[in-house]
Amino acid sequence: MAYLTVALAKGRLAKDTLARLRQAGMAEAVDMNSRKLVFRDEKDGIEYLLVKPVDVVTYVDKGVADIGVVGKDIILEQDLDVYELLDLQFGICAFAVAGFPGTELYGPEKVLKIATKFPNITKKYFAGKREIETTYLNGSVELAPLMNMSDCIVDLVETGGTLKENGLVVLEKMFDIQAKIIGNRTSYQFCHEKIQTFLAAVESEVDDNATDYSWE
Ligand code: PRP
């Protein structure tokens, strides 16, 4: 049987992703708590791959997965040639420049030092605005200004709790992001009907929530 292959991101989107798919009557076989990486729903003819968020776009870009569920943050940072097929209205958070209160982003210092997990997004954002130097960190980015390793950070802010607990604030909100369904360009052509059926099932469960951050 030719399965529709769907890459799902483990981590912070996992719970909402599975809830949305289950609401749509799918992904019964998927167990996010297991160490298994491939799950098959024979009934729907769908195969699910559990991968790290940064790898979802790669699997879809290479055509190993036909579609995938991942945050717009990863899509922007990877900048690969995939279709964005559906906004999911969960995993909503914002990109922001953050640091100690009063940090001057556009002050006279020659180069603004920024620590981030998202160097590509950061460079694009500041291009033509400000000379910057980025340091790539893989997590706990908030530590960098605390240890005087950077002037500020570019990171995702959801509740604002991590910033607050570390004495940092949003200095400049950049843009909102959310989870999306992405598709491989060739699969979209050759598995069009299967992909449309999947999208229609999920779309029927999407509700439009307003973006409302407690830290704004
Ligand atoms: C993310 C992000 C922030 C935090 C924001 O990190 O990079 O650190 O969550 O969420 P909040 O505004 O609700 O506190 P994640 O939890 O993915 O872990 P990491 O720091 O290891 O990347």
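This report describes the largest pocket and the nonpolar cores of a predicted model.

**Pocket**

The largest pocket has a volume of about 920 Å³. Its lining is made up of 36 residues, and those nearest the centre are Arg12, Asp73, Lys117, Phe118 and Leu156. Four elements, α2 (53–61), α3 (72–78), β9 (152–157) and α6 (161–165), each contribute at least two residues to this lining. The greatest contribution comes from α3, with 4 residues. The table sorts the lining of the largest pocket by residue class.

| Class | Residues in the lining of the largest pocket |
|---|---|
| Nonpolar | 14 residues |
| Polar | 12 residues |
| Charged | 10 residues |

**Cores**

In soluble globular proteins, nonpolar side chains tend to be buried together. Here the largest nonpolar core holds 25 residues, and Tyr48, Ile181 and Phe198 have the most contacts inside it. Both strands and helices feed this core: β1 (4–9), β3 (46–51), β4 (67–71) and β11 (179–183), together with α1 (14–23) and α8 (192–203), each supply at least two of its residues. The largest share, 4 residues, is from α8.

What is Ile181 in contact with, leaving aside its neighbours within four places in sequence? The list consists of Ile67, Gly68, Val69, Tyr83, Glu84, Leu85, Leu86, Leu88, Phe198, Leu199 and Val202.

Apart from the largest core lies another core, of 15 residues, including Cys93, Leu105, Phe118 and Leu156. Phe118 and Leu156 are also among the lining residues that lie nearest the centre of the largest pocket.

Key:
Residues are numbered from 1 along each chain as its sequence is written. This is a predicted model: local features need pLDDT of at least 70, side-chain atom pairs count only at pLDDT 80 or more; totals for chains, interfaces and linings use all residues. Side-chain values use heavy atoms; hydrogens and water are left out. On a 1 Å grid over the protein atoms alone, a cavity is a set of points where a 1.4 Å probe fits but cannot get out, and a pocket is an open set with protein on both sides within 12 Å along at least five of seven lines; lining residues have an atom within 4 Å of a point. Grid points are joined across faces, edges and corners, and a volume is the space filled by probe spheres set on the points. Ala, Val, Leu, Ile, Met, Phe, Trp, Tyr, Cys and Pro count as nonpolar, Asp, Glu, Lys and Arg as charged, and the others, Gly among them, as polar. A nonpolar core is a set of buried Ala, Val, Leu, Ile, Met, Phe, Trp, Tyr and Cys residues joined through side-chain atoms within 4.5 Å. Buried means under 20% relative accessible area, exposed over 50%, partly exposed in between (1.4 Å probe, protein chains only). Contact means heavy atoms within 4.5 Å.
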